[in-house]
Amino acid sequence: MPGTVITDLRRRGSAVDPGCLLAGPLRAVGLQWLEPGRSAEVTAEGVEHALYVTAGSGLATLPEDVVHPDHPERADTGLPLVEGTAVVLPLGARTVLTAGTAGLEYFHAVLAVPPSAEPSAEPAAGPAAGEAEASGEEPDEPEEPEEGDQR
């Protein structure tokens, strides 16, 4: 298997940069751990995210400042997260992950977006009315684990 690299993400304890080996859009992968009751916002600004729950449980909700345009009554509800649940955040999407009583472990992949797919600064090609524009913030990546995190 020439060129193959095998990495134990639980042992490594930090994000892996697949760009060293792969030419595709995958920019970072890693296992993330949220302690029981803790939350983390994931924002797809300039990148897209794919999350896969590997252990524990929790809830994915819209951030407090976001109201779903088609269903404002659903602003308080969320998507239950259990082992085997996948969440994909396309460009411009945001979600808040909140760990349940047993904590939440998830695989997190960050994918680059081709420049042609990003919103343009020109009004004709920019976001539709009511959509947020890119804030210029750094894209979310899988975080380095804090000392003592078990993955």
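Two residues are in contact when heavy atoms of the one lie within 4.5 Å of heavy atoms of the other. The legends below describe close-up views of a predicted model.

**Figure 1. Thr-95 and its contacts in the predicted model.** Thr-95 is a residue of strand S6, which covers residues 94-112. Its relative accessible area is 8%. Because this value is under the 20% cut-off, Thr-95 counts as buried. Apart from neighbours within four places in sequence, the contacts of Thr-95 are Ala-40, Glu-41, Val-42, Ala-60, Thr-61, Pro-63 and Leu-89. Thr-61 also receives a polar contact: its backbone oxygen is reached by the side chain of Thr-95 at 2.9 Å. For Pro-63, the C-alpha atom is separated by 5.9 Å from that of Thr-95, although the two residues are 32 positions apart along the chain.

**Figure 2. The salt bridge between Glu-41 and Arg-94.** The structure holds 1 salt bridge. Its partners are Glu-41 and Arg-94, with 2.9 Å between the closest N and O atoms. The pair joins distant parts of the chain, as Glu-41 belongs to strand S2 (residues 39-43) and Arg-94 to strand S6 (residues 94-112), with their positions 53 residues apart. Side chains of opposite charge can pair when their charged atoms come close. How buried or exposed are the two partners, Glu-41 and Arg-94? Glu-41 has a relative accessible area of 38% and is partly exposed. Arg-94, with a relative accessible area of 26%, is partly exposed. Both classes follow because partly exposed covers the range between the 20% and 50% cut-offs.

**Figure 3. Polar contacts around Glu-41 in strand S2.** Which side chains does the side chain of Glu-41 meet in polar contacts? One of them is the side chain of Thr-43, at 3.3 Å. Another is the side chain of Arg-94, at 2.9 Å, the partner in the salt bridge of Figure 2. A further reference point in this view is Leu-62, which is 21 residues from Glu-41 along the chain. The C-alpha atoms of Glu-41 and Leu-62 are separated by 9.1 Å. Glu-41 is also among the contacts of Thr-95 shown in Figure 1.

**Figure 4. Thr-85 in the loop between strands S4 and S5.** Strand S4 spans residues 79-82 and strand S5 residues 86-89, and Thr-85 has its place in the loop between them. Is Thr-85 buried or exposed? With 15% relative accessibility, Thr-85 counts as buried, because the limit for this class is 20%. A polar contact of 2.8 Å runs from the side chain of Thr-85 to the backbone oxygen of Val-82. If residues up to four places away in sequence are not counted, Thr-85 touches Leu-51, Tyr-52, Val-53, Leu-79 and Pro-80.

**Figure 5. The largest cavity and its lining.** The structure holds 1 cavity of 30 Å³ or more. The volume of the largest cavity is about 40 Å³. Rolling a probe the size of a water molecule over the atoms shows where empty space is left. Which residues line the largest cavity? The lining consists of Leu-51, Val-53, Leu-81, Thr-85, Val-87, Leu-97, Leu-104 and Tyr-106. Strand S3 (47-61) and strand S6 each supply at least two of the lining residues. The largest share, 3 residues, comes from S6. Thr-85, the loop residue of Figure 4, belongs to this lining. Leu-51 and Val-53, which also line the cavity, are among the residues that Thr-85 touches.

**Figure 6. The polar contact between His-108 and His-49.** His-108 is a residue of strand S6. At 3% relative accessibility, His-108 is classed as buried. The side chains of His-108 and His-49 are joined by a polar contact of 2.7 Å.

**Figure 7. The chain as the setting for the close-ups.** The chain contains 1 helix and 6 strands. Read from the N terminus, the order of elements is α-β-β-β-β-β-β. Of the 151 residues, 29% count as buried, including Thr-85, Thr-95 and His-108. Among contacts in the chain with a separation of 6 or more, 80% are between residues 24 or more positions apart. The chain exposes about 9700 Å², of which carbon and sulfur atoms supply 52%.

Note on methods. Residues are numbered from 1 along each chain as its sequence is written. This is a predicted model: local features need pLDDT of at least 70, side-chain atom pairs count only at pLDDT 80 or more; totals for chains, interfaces and linings use all residues. Side-chain values use heavy atoms; hydrogens and water are left out. A salt bridge is a side-chain nitrogen of Lys or Arg within 4 Å of a carboxyl oxygen of Asp or Glu. Buried means under 20% relative accessible area, exposed over 50%, partly exposed in between (1.4 Å probe, protein chains only). A polar contact is a pair of N or O atoms within 3.5 Å; within protein, one must be able to donate a hydrogen and the other to accept it, and residues adjacent in sequence count only if both atoms are side-chain atoms. Accessible areas come from the Shrake-Rupley method with a 1.4 Å probe; for residues, only the protein chains shown count as cover. On a 1 Å grid over the protein atoms alone, a cavity is a set of points where a 1.4 Å probe fits but cannot get out, and a pocket is an open set with protein on both sides within 12 Å along at least five of seven lines; lining residues have an atom within 4 Å of a point. Grid points are joined across faces, edges and corners, and a volume is the space filled by probe spheres set on the points.
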